Amino acid sequence: MSDNISTARQDIDADVIVIGGGNAGFSAAHAAAERGRKVILLERGEGDRAGGNSYFTAGATRIAHGGLEDLKDLVEFDERHENTVVPPYSADEYRADLERVTEGRTDARMAEILVNESADALRWLKSLGLKYRLMYERQAYKRPDGSYLFWGGLHVGNVDGGVGLIADHTRVAQENGVDIRYGVRALDLLLEDGKVCGVIAEKDGQQFTLRAESTVIASGGFEASPEMRAEYLGERWANARVRGTLYNVGDMLRAALKIGAAKGGDWETCHSVQWDANPEINESNIELTNRLTRQSYFLGLLINNEGKRFLDEGADFRNYTYAKYGKVILEQPDSIAYQIFDADLRPTLRTEEYDMPGISEVKADSLEELAKQIGVDPDTFVATINDFNANVNDAEFDPTVKDGKASSVTPPKSNWATPIDKAPFYAYPVTCGITFTFGGLKGDDNGRVLNESGEIIPGLFACGEALGGLFSTNYPGGSGLAAGCVFGRRAGSVA
């Protein structure tokens, strides 16, 4: 706490101050406002820079459900519903996915709360005015008979993606009397007799204090701070590209640690993805937001600039590998790799990511020419692909299941392996885009921040990326937004 700030008791400015205007922060604000609390929400961004990382997402939110009939009360009507299969996704499957992809390091209690409350949290948000839909373009395949089959456990998302998510949250908050203050950066916490009683903040270079009974940190992790990335994730992470907001620099994490808060979760790993390496603006791109990701990699091959494969592209569904493969690419020479497809695979790639203007696409009529264009040794490149092609088995290709269509090379491709042999050929240069850090503050079931002795720090809460414990090494796609809804709601319900 700054020494020049008086801690004398003054009238409070609000019952609850929420720091951060993303999905988690708004969820906390809604829950507090529902209880009649006077809420001030501080958001550093202004205009289209508001909304934190949530603005940059596709809006995908992972919940347990019983299939399409169970979801019809939640999602907007779509005429395709009558010709759609949405497999049930049980709480047990959700829990198992969390445990599997985090290699057993998810906090069991937090996971249980997330799994059991995520669907109810979305229905609560819908009752307030948020809008959800089935994510046909990202999570379903159109079958030969014209029907649609969803896959991978992640089926629901916000109407208009992250942009729609923040627009809906903002409207609801304003309708319910939340005082949203934009362009405000929270710098530190006010501490009085061991209780957090507000924040020190600044706007337009002027510092001021705001006092409240409860303060909710919902201002994200430290993914936008090159210094903190290098300190906690490793020196190479200083070079990662920031996918989302540039404002998540760890201010409030440092402030909480300074007053004795305990770290929660894994501070050494993060969510990172394959990210277009070449656009002029490939950090925090407001116009393209999430569309600079390159998520169809599991259908083709990943080859580094030495002409070699380095991971199993088909180890699992994209939803369970994409958040950890960015790190593997960061570790490659020059932190770059190339997604490789042929003419048969090219039409299967996600339209929203591979067919937009300005995409970094390289096309050639031969593998040798493709290698030359991307600056990779042609002999090594062609030998790698020929070896892969020669070892593809005869299983039937089916992208809606783990089909066992493999290539028995090193490293193997365990599913969705088809020969890369039909011209023209395509290469997409990708680097590492960091999404959010997994380490945060340690909290109880309702996000009350704990100190190193496991005691509650009075007046202080955390939710969203700022609350650590759920994720490590990897995460199931869509569970971050779900966690923001669930634990934001819990914090706001008791703050």
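Is Trp151 buried or exposed? I looked this up first in what is a predicted model, where local features need pLDDT of at least 70, side-chain atom pairs count only at pLDDT 80 or more, and totals for chains, interfaces and linings use all residues. I number residues from 1 along each chain as its sequence is written, and side-chain values use heavy atoms, with hydrogens and water left out.

Trp151 has 5% relative accessibility and therefore counts as buried (under 20% relative accessible area, with exposed over 50% and partly exposed in between, for a 1.4 Å probe and protein chains only).

I then turned to ring pairs, and found 23 aromatic pairs in the structure (rings of Phe, Tyr and Trp, the last by its six-membered ring, with centres within 6.5 Å; planes under 30 degrees apart are stacked, over 60 edge-to-face, the rest tilted). Trp151 and Phe317 make one tilted pair, 5.4 Å centre to centre with 35° between the planes. Trp151 is in the loop between strands E7 and E8, and Phe317 in the loop between strand E16 and helix H9, so this pair ties together parts 166 residues apart in sequence (helices, H or I, of at least four residues and strands, E, of at least two are DSSP runs numbered from the N terminus). Phe317, at 13% relative accessibility, also counts as buried. I noted that ring pairs link Trp151 and Phe317 into a cluster with Tyr141, Tyr297, Phe298, Tyr325 and Trp416.

Last, I checked charges over rings, and the charged end of Lys263 sits over the ring of Trp267, 4.8 Å from its centre (NZ of Lys or CZ of Arg within 6 Å of the ring centre and within 35 degrees of the ring normal).
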